Amino acid sequence: MLVTTRQPTQLHIALQQYATRALPQVQAHQHIASGQCLADHPNGVPVYAPRAGRVRSVSAQCITIDVDTDSHEAPALVEPHDHFLERVRQGAMVGLGGAAFPAHHKWRGTPHTLVINAMECEAPIHCDRALLSIRPDSPLRGGEILAEALGIARCVIAAKADFAPIFQSMLPRVPSWELFTPAPHRGIGAERTLLRALDGATLHGPASEQGYIVANLGTLDALARWWDHGFALTHRLVSVGNEQAYWAALGTPLPDLLPDTQDAQNTENAAAHSRTLRVGGLLSGTLSTEHHRGLQAQDNSLSWDDASTAPLPAEPCIRCARCAPVCPEGLLPQQLHWYQHQSEALVALGIDACTTCGACDSVCPSHIPLAAQFMRAKKTLRTQRSIDAMAERAQARFAVRNARQTRRAEQAVERRAQHRQGDKRQDAIAAALAKRRQRKAS
Amino acid sequence: MAAALALAALMAVAGTVLALLARRWPEDTQTLLARVDAALPQTQCAQCGFPGCRPYAEALVQGDAAVNLCPPGGEATVQVLAELLGVAAQPLAQCAPTEPMKALIIEADCIGCTLCILACPVDAIMGATKHMHTVLLDECTGCELCIAPCPVDCIELVPARLC
């Protein structure tokens with residue numbers, strides 16, 4: 001295991017965040033200090049400069065910085081806020097497990113249990129292993145900060161067997177905490193699956209709404225660094241291949257982290273250029289041939305997708321049902337596969353509980369990419385639901401508008417009627433005057 | 001034996017009566033109307049010739065309109081409507097749009113005439129007389145009804161995925 005720090009020469013800092021896009025606060029050609037705020041958004045988290053340098057370009061998606069040669073990581077140039085969640089947001093805390101979900105959204109409410117997720121169960125991700133080799137105390141310190149701030153009574157370290165001795169040796173520091181080592185199981189690191197193994201709790205919806213906070217080691221490390229040393233989240237550990245790990249600035253161009261690509265650039269080897277890069281784990285990761293972007297907070301692992309890991313061609317489902325007993329969520333993958341294009345049936349079969357862990361893939365004798373199918377089906381379902389929600393809103397707004405127009409039309413009719421009544425009064429006056437004039441004349 | 005025969009006879013009679021009732025008794029108009037309305041895409045674009053999705057649904061339930069008049073719903077909606085109303089599906093009368101769009105006001109050109117606000121069927125445009133107007137993108141259904149009334153032609157349609 002080798003953890004090294006990479007000094008970048010250029011940074012491509014992405015502004016896209018979990019559900020929003022940060023708005024740039026710097027301009028091209030401006031010189032920026034290390035730890036200066038570059039962009040922010042009220043719904044997201046601020047973006048800080050990992051290094052000092054000069055802004056090369058600013059677009060809606062990305063800020064590019066030419067890094068000064070002698071610059072280094074520095075604390076964020078902000079005054080820490082008093083309010084806990086606001087301070088968490090200020091430190092740009094996002095979940096480093098792979099989703100980069102903003103922590104100040106996840107840590108709301110009044111949780112009763114903090115679960116420190118040290119399950120790292122998906123090859124080839126090993127940034128938690130790298131973190132424990134360089135700063136084993138830091139995640140625990142982050143857990144302490146979080147538990148104290150939110151008044152959490154019960155803290156559990158869920159560690160896989162390899163990590164258990166490390167935490168065992170640190171337990172005397174936090175005597176009231178529990179160490180939990182679940183039986184190794186594919187997909188055990190997924191929040192819901194882990195909580196089922198821990199408490200037998202069956203969760204519907206986010207764990208944070210039911211009193212649990214499940215935090216990744218990297219996230220807690222970032223929290224400790226922010227709280228104790230003032231470093232906002234501008235760096236992360238990223239594992240490369242099976243053995244290497246880097247402490248890298250967010251925005252570091254991926255080719256800088258992948259030695260093979262640099263060689264390819266030098267030799268202009270076209271074949272190596274078209275290699276497929278996997279960002280994330282073997283199951284949940286995404287593949288791309290576009291490597292020329294900056295490192296982002298959700299990129300926990302980089303590896304080449306070699307032909308040896310390519311799946312065998314899929315055969316038709318033979319309904320052997322071997323996938324059912326291995327599903328950690330107790331679903332019926334063979335049925336989900338059968339009904340993959342029928343959203344109502346999928347919902348009835350509980351596709352919302354599927355964590356796409358790929359346990360079903362691993363036992364399927366027909367090599368059907370089940371997890372990938374379920375991921376697609378869930379995406380389609382999400383899109384359909386958002387369209388339905390919009391249609392429902394439009395329907396309600398249309399009804400309100402029609403009711404308002406009808407009401408206005410009625411009011412107009414009423415006003416006209418009143419106006420005519422007014423005319424009648426005028427007529428009465430005129431009649432009275434005429435009568436009086438007549439009387440005078442006679 | 002006698003009991004079994006009596007039971008069988010009772011079941012036969014009850015079954016026949018229920019089957020006849022189901023055929024004779026039309027589905028509750030209100031429920032059918034709600035289901036037909038729900039099947040429509042709620043863009044309120046009036047391309048069907050009726051002033052909105054609900055009026056079209058009412059006409060459909062009364063049998064005054066064809067099922068193939070809703071371009072934003074596409075062929076899928078035609079199928080659902082035909083099934084709900086028990087009529088034959090027909091091909092769409094107009095081309096279906098390729099992707100969902102949203103209206104965007106070029107704010108520099110807006111003169112604040114409020115005509116688009118009056119035209120919007122879902123109250124998705126904000127603004128006041130002689131003040132700049134803007135589209136609430138979350139609420140816009142891309143019905144295009146605001147485009148024609150604009151006297152300075154400052155409303156454009158953009159694909160929803162770019163908003």
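The exercises below, with worked solutions, concern a predicted model and treat chain A, its cysteines and its interface with chain B.

**Exercise 1.** Describe the fold content and burial of chain A.

*Solution.*
- Chain A holds 15 helices and 17 strands.
- Of its 442 residues, 45% are buried.
- For contacts in chain A between residues at least 6 apart in sequence, 66% link residues at least 24 apart.
- The exposed surface of chain A is about 22600 Å², with 53% supplied by carbon and sulfur atoms.

**Exercise 2.** Explain why A:Cys364 is not bonded to A:Cys320.

*Solution.*
- A disulfide requires two cysteine sulfur atoms within 2.5 Å.
- The closest cysteine sulfur to that of A:Cys364 belongs to A:Cys320 and lies 6.4 Å away, so the pair is too far apart for a bond.
- A:Cys364 is itself buried, at 14% relative accessible area.
- B:Cys146 is likewise in no disulfide, its nearest cysteine sulfur, in B:Cys143, being 5.9 Å away.
- B:Cys146 is also buried, with 6% relative accessibility.
- Over all chains, the disulfide count is zero.

**Exercise 3.** Characterise the interface of chain A and chain B by residues, area and polar interactions.

*Solution.*
- Nine residues of chain A contact 22 residues of chain B.
- About 1200 Å² is buried between the two chains, 46% of it from carbon and sulfur atoms.
- On the chain A side, the most area is lost by A:Arg397, A:Phe398 and A:Arg401, which together account for 49% of what that side buries.
- Three salt bridges cross the interface.
- One salt bridge joins A:Arg393 to B:Glu139, with the closest N and O atoms 3.0 Å apart.
- Eight residue pairs are in polar contact across the interface, both residues at pLDDT 80 or more.

Definitions and conventions:
Residues are numbered from 1 along each chain as its sequence is written. Chains are lettered from A and ligands numbered from 1 in the order in which they are written. This is a predicted model: local features need pLDDT of at least 70, side-chain atom pairs count only at pLDDT 80 or more; totals for chains, interfaces and linings use all residues. Side-chain values use heavy atoms; hydrogens and water are left out. Helices (H or I, at least four residues) and strands (E, at least two) are DSSP runs, numbered from the N terminus. Buried means under 20% relative accessible area, exposed over 50%, partly exposed in between (1.4 Å probe, protein chains only). Contact means heavy atoms within 4.5 Å. Accessible areas come from the Shrake-Rupley method with a 1.4 Å probe; for residues, only the protein chains shown count as cover. Buried area is the accessible area (1.4 Å probe) that two parts lose on being put together, summed over both. A salt bridge is a side-chain nitrogen of Lys or Arg within 4 Å of a carboxyl oxygen of Asp or Glu. A polar contact is a pair of N or O atoms within 3.5 Å; within protein, one must be able to donate a hydrogen and the other to accept it, and residues adjacent in sequence count only if both atoms are side-chain atoms.
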